[in-house]
Number of protein chains: 2
Amino acid sequence: MLRTIGMIGGSLALYQAMEVLGHAKETQFAGPPKLSGAPAGASVLVLGAGLAGMLAAFELRKAGYKVQILEYNNRPGGRNWSLYGGDTYTELGGETQKVGFAPGNYLNPGPWRIPYHHRTLLHYCKAFGVALEPFIQLNHQALVHNSKAFGGKPMPYRDLSADFEGNVAELLGKAIDNRGLDSQFSAEDQDKLKEALRTWGLLDKDMRYVKGNRSSRRRGFERPSGGGVDGSPIPSDPLPFKDVLDSGVWAVISQHMSIDHQTTMFQPVGGMGMIGKAFGKQVEGLVTFNAKVTKISQAGGAVTATYTDTATGAVKEAKADYCVCTIPLGILSQIELDASGGMLAAIAAVPYSNSVKVGLEMKTRFWEEENAIYGGISFTDRPISMISYPSGGMHSDGPGVILGAYTFGAASYKFAGMSPDERVRTVLEMGSVFHPGRYKEQFTAGASVAWSRVPYTLGCCAQWNEETREEHYQTLVAVDDRIVLAGEHASYIGCWMEGALLSSLDAVTRLHKRALEA
Amino acid sequence: MLRTIGMIGGSLALYQAMEVLGHAKETQFAGPPKLSGAPAGASVLVLGAGLAGMLAAFELRKAGYKVQILEYNNRPGGRNWSLYGGDTYTELGGETQKVGFAPGNYLNPGPWRIPYHHRTLLHYCKAFGVALEPFIQLNHQALVHNSKAFGGKPMPYRDLSADFEGNVAELLGKAIDNRGLDSQFSAEDQDKLKEALRTWGLLDKDMRYVKGNRSSRRRGFERPSGGGVDGSPIPSDPLPFKDVLDSGVWAVISQHMSIDHQTTMFQPVGGMGMIGKAFGKQVEGLVTFNAKVTKISQAGGAVTATYTDTATGAVKEAKADYCVCTIPLGILSQIELDASGGMLAAIAAVPYSNSVKVGLEMKTRFWEEENAIYGGISFTDRPISMISYPSGGMHSDGPGVILGAYTFGAASYKFAGMSPDERVRTVLEMGSVFHPGRYKEQFTAGASVAWSRVPYTLGCCAQWNEETREEHYQTLVAVDDRIVLAGEHASYIGCWMEGALLSSLDAVTRLHKRALEA
């Protein structure tokens with residue numbers, strides 16, 4: 001229908017129609033579900049006090065259900081978690097870290113940033129009183145390091161991105177002059193495109209990207225403008241385009257422009273774990289902590305979970321009419337579960353990714369005072385992949401925590417195989433490329449989390465692919481008699497808190513419907 | 001020398017040399033000046049308690065001078081100024097506005113954002129205890145409106161910028177395939193460039209920018225990803241490239257990438273005027289307010305300023321050995337000044353720009369809840385030129401203030417000619433294009449400042465051009481016997497607080513040298 005309107009009435013009609021039709025929604029979140037009228041005495045057992053589990057409990061209790069949550073950890077939040085100075089954490093394999101950060105400083109081992117279109121999470125953060133502050137993702141002054149470019153010297157994102165785009169504009173301008181676009185564009189449109197390229201790419205009147213005040217107003221000056229006698233600026237030389245290509249800055253730009261990383265992003269004031277804590281407050285009294293579920297059965301018109309109290313070793317049971325299970329699939333696949341063969345196959349089919357994050361506390365925020373870098377990310381082709389500067393507490397004195405590594409793939413398993421001390425040493429060595437002379441000298445304390453060694457997830461998040469989505473996704477999310485799964489693994493926003501929450505809302509809505517129909 | 005190294009040793013040597021030579025400094029600020037040893041009993045009269053004047057007073061007093069400041073207004077700060085709810089402001093022509101904003105809400109009539117490389121300002125903000133928070137400049141979710149594109153419907157910056165860059169990538173890819181770059185690039189480099197374009201522009205494997213999950217991950221989905229049964233996303237259609245060109249988004253991208261607008265930017269918590277207040281605290285007791293300078297003479301080895309106490313009408317004199325004059329040139333040119341002919345000619349040669357800013361308080365932050373716009377700027381080709389959403393207090397309930405207009409050139413004189421009420425009505429009408437149905441309905445109170453009608457500046461800031469710089473700049477900044485000028489007009493960072501401060505530091509350093517040589 002849109003196409004028809006478009007052909008008949010031109011763009012005006014098309015866009016008016018799009019507006020009326022509610023084109024381009026930002027989210028599937030349509031407000032909190034309005035569940036009510038739970039069957040008298042009906043109960044739900046929620047497995048896992050991560051965000052999905054706690055939201056399920058919150059909304060189901062509002063609907064009138066009797067709700068109990070079993071949680072493996074001794075805290076709410078699951079992967080929503082911050083490690084603070086003074087915290088202790090023991091990973092699989094037995095290594096224990098006592099975090100030596102100053103009070104208030106933290107590492108977010110799991111989620112660390114919230115996009116503007118994660119409306120569910122933003123809604124509940126506001127509803128539950130979680131204070132948010134901007135998270136700085138793109139920082140023009142941060143660095144890009146590629147061992148194959150510029151002799152291994154990191155260069156500012158600003159200079160590289162300016163030069164990449166300036167050169168692209170110049171080259172396309174030349175192609176137009178060579179009549180390379182005659183078949184696609186009228187002469188008038190080619191002129192419009194040239195004007196656009198000239199402005200966008202800061203080309204000179206001859207459509208060249210060259211040294212001068214014009215390009216320096218984006219890439220920075222050799223001597224910046226000032227006041228008084230020596231105030232006049234000296235422009236800088238663009239970098240050789242072939243080196244700019246080798247730097248891989250185009251991939252960094254692309255990553256920053258991704259919808260998951262666009263401005264405006266947020267983080268909770270005081271650490272991502274503030275969200276888990278705030279959700280925990282909402283379900284206070286409903287959660288049994290230190291409960292390791294070993295078996296889930298759904299016989300006799302009820303769901304029964306057998307669990308071990310990890311504090312005492314006692315084996316106990318919890319029973320309810322229905323169950324929302326948010327246990328990560330890698331763990332759930334190891335639990336005796338009374339579900340359909342399709343569901344069991346789906347649970348077994350989805351591998352989990354690994355990732356290692358390392359936090360490095362530094363004596364001072366030297367990157368702010370000395371490098372004018374406030375938040376954002378410096379990228380490298382070394383295994384640490386990036387370092388990220390704190391978006392909170394900018395301009396403050398005293399120690400700050402840099403995210404010293406956020407590793408993926410093979411590198412993450414290599415780091416997971418190291419001792420926590422070795423991880424920190426390695427990360428300090430690799431990250432020194434950005435801040436030689438300051439990085440190791442300013443270091444005070446480190447902390448690391450290797451997700452493959454996190455006892456309650458055995459990995460970072462679910463790794464679906466097109467084939468497993470096709471074969472297993474709908475089975476995994478379907479209500480299986482009295483059990484429904486929820487979590488980021490039961491969503492298309494994998495690895496994000498938003499996926500866990502939207503999955504949870506969809507799951508409880510369908511479970512409630514099932515209960516009303518029972 | 002750099003070129004020689006570059007030719008001989010290749011890029012490695014070049015970049016190592018650049019590092020050693022201190023290439024690409026971010027600022028001319030080298031820390032606060034270390035002035036000391038003022039001649040016994042020496043005194044300085046500072047004219048103007050804007051940032052330049054107060055910094056001059058602060059640093060000269062530290063050096064041992066006896067300092068007095070004369071200020072026209074009844075407050076410190078000059079153009080650094082916020083209008084808060086309850087404030088009263090009378091412009092030239094006699095119109096008085098009583099600002100009806102809720103307590104704490106404000107309009108920044110003058111400066112409103114601080115780039116990361118304005119190191120002088122950031123240094124003194126920290127030293128003087130001004131709390132800063134991020135200012136959001138680029139917001140992918142904000143809108144771009146051009147009456148000549150998309151039937152006059154505003155479109156998200158996100159969609160437009162994604163489609164502009166995607167199309168540019170595709171077109172340049174085609175030019176490569178048409179062998180249009182054979183003369184400049186080896187086949188290997190062309191392959192590298194194609195790989196870069198494919199990643200940067202989100203092209204498909206055939207180097208086309210097309211509808212699909214790949215492009216939607218930047219431009220947004222028709223139906224975004226979700227959780228549970230309906231979790232799978234539906235990709236969106238790229239916009240017609242010719243409309244994208246007509247939108248002028250390329251100019252908006254270019255503006256966002258300018259060094260003055262790159263991340264990370266800041267604003268003081270609670271309004272830009274917090275800076276003027278903090279500077280004011282540092283020079284407390286030194287400032288005579290309500291002092292309208294009418295004459296400046298430098299006879300008999302001293303500088304004498306004649307001024308009128310605007311509160312009482314009394315005519316008074318202030319006298320000192322030296323003078324730092326920060327009075328804006330449009331005002332200074334109307335004051336009897338005892339200076340060289342060259343200096344007087346320079347003062348008369350520089351016109352001032354005009355600008356009008358209008359603040360609109362809205363009942364709720366509907367742009368956050370309903371449009372997922374947090375801070376940033378929506379641009380239009382209407383005379384208001386832009387509207388900007390507040391970067392402070394995001395996610396809060398209650399009223400928020402939108403910058404409803406920031407006008408330049410001819411439009412600013414048109415707005416300056418309106419009554420304050422008429423400005424607000426016009427701006428509400430024009431800005432409604434972005435938020436039809438909400439904008440006027442949510443409006444509670446407005447405030448406006450037309451800089452051509454601001455009694456103490458008669459304009460916004462100095463408009464130098466290449467010719468006036470060449471002929472007058474060095475004369476304007478030179479110490480003229482016992483007087484030196486300072487302010488943004490005496491810098492190459494015109495219209496910015498940083499220019500005023502760097503100018504001030506350079507001026508007092510040279511004045512101190514002059515005093516020591518006397």
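**Exercise 1. Find a salt bridge that crosses between the chains, then describe the interface around it.**

Start with one pair: the side chains of A:Asp397 and B:Lys126 form a salt bridge, with N to O at 3.1 Å. Keep in mind that this is a predicted model. The cut-off for a salt bridge is 4 Å between a side-chain nitrogen of Lys or Arg and a carboxyl oxygen of Asp or Glu, so this pair qualifies.

Next, zoom out. The rule picks up ten salt bridges across the interface of chain B and chain A. It also picks up 54 residue pairs in polar contact there, both partners being at pLDDT 80 or more. On the side of chain B that touches chain A, the residues split into 46 nonpolar, 29 polar and 25 charged.

Now for the extent of the contact. Chain B puts in 100 residues, and chain A puts in 100 residues. The size of an interface is often given as the accessible area lost when the parts come together. Here chain B and chain A bury about 9,200 Å² between them, with 60% of it on carbon and sulfur atoms.

**Exercise 2. Sketch chain A as a whole: how many helices and strands does its secondary structure come to?**

Count the elements: you get 17 helices and 22 strands in chain A. For the dimensions, the C-alpha atoms of chain A fill a box of roughly 80 × 70 × 40 Å along the principal axes.

Then look at burial and contacts. Chain A has 518 residues, and 61% of them count as buried. Take the contacts in chain A between residues at least 6 apart in sequence: 68% of these join residues at least 24 apart.

**Exercise 3. Work through two open sheets of chain A: in which order do the strands come?**

Begin with the sheet of four strands. Its order is E14-E13-E12-E16 in chain A, and the pairing is mixed. Strands E14 (315-320) and E16 (336-337) of chain A are at the edges; each has a single partner strand, so one side of each has no neighbour in the sheet.

Pick one pair inside this sheet. E13 (residues 303-309) of chain A runs antiparallel to E14(A), and six bridges join them. To see the register, place A:Thr306 opposite A:Glu317 in E14(A).

Move on to the sheet of five strands. It is open too, with parallel pairing and the order E11-E2-E1-E15-E22 in chain A. E11 (287-288) and E22 (483-485) of chain A are its edge strands, each pairing on one side only. Inside it, E1 (residues 43-47) and E2 (residues 66-70) of chain A pair in the parallel sense over five bridges. A:Leu45 has A:Gln68 in E2(A) as its bridge partner.

**Exercise 4. Which residues of helix H8(A) are buried?**

The helix spans residues 249-257 of chain A and is mostly covered, with seven of its nine residues buried. Go along the helix and tick them off: A:Val249, A:Trp250, A:Val252, A:Ile253, A:Ser254, A:His256 and A:Met257.

Now hop to chain B, where B:Val249 sits in helix H8 (residues 249-257). Its relative accessible area is 0%, so B:Val249 is buried. Skipping neighbours within four places in sequence, B:Val249 is in contact with B:Tyr157, B:Leu160, B:Ser161, B:Phe164 and B:Val244.

Try B:Ser215 the same way. This residue lies in helix H6 (residues 213-219) of chain B. With a relative accessible area of 1%, B:Ser215 is buried. Not counting residues up to four places away in sequence, B:Ser215 touches B:Leu202, B:Tyr209 and B:Val210.

**Exercise 5. Follow strand E10 of chain B to its surroundings.**

First, the faces. In a regular strand the side chains alternate between the two faces of the sheet. For E10 (residues 265-268) of chain B, both faces are covered: B:Met265 and B:Gln267 are buried on one side, B:Phe266 and B:Pro268 on the other.

Second, the partner. E7 (residues 132-135) of chain B runs antiparallel to E10(B), joined by four bridges. One of the matches is B:Glu133 with B:Gln267.

Third, the packing. Helix H9 (residues 273-282) of chain B has buried residues including B:Ile275 and B:Phe279. The buried residues of H9(B) pack against E10 and against helices H2 (51-63), H3 (119-127) and H17 (497-517) of chain B.

How values were computed
Residues are numbered from 1 along each chain as its sequence is written. Chains are lettered from A and ligands numbered from 1 in the order in which they are written. Side-chain values use heavy atoms; hydrogens and water are left out. Buried means under 20% relative accessible area, exposed over 50%, partly exposed in between (1.4 Å probe, protein chains only). Two strands pair if DSSP finds at least two bridges between them. Contact means heavy atoms within 4.5 Å. Buried area is the accessible area (1.4 Å probe) that two parts lose on being put together, summed over both. A polar contact is a pair of N or O atoms within 3.5 Å; within protein, one must be able to donate a hydrogen and the other to accept it, and residues adjacent in sequence count only if both atoms are side-chain atoms. Ala, Val, Leu, Ile, Met, Phe, Trp, Tyr, Cys and Pro count as nonpolar, Asp, Glu, Lys and Arg as charged, and the others, Gly among them, as polar.
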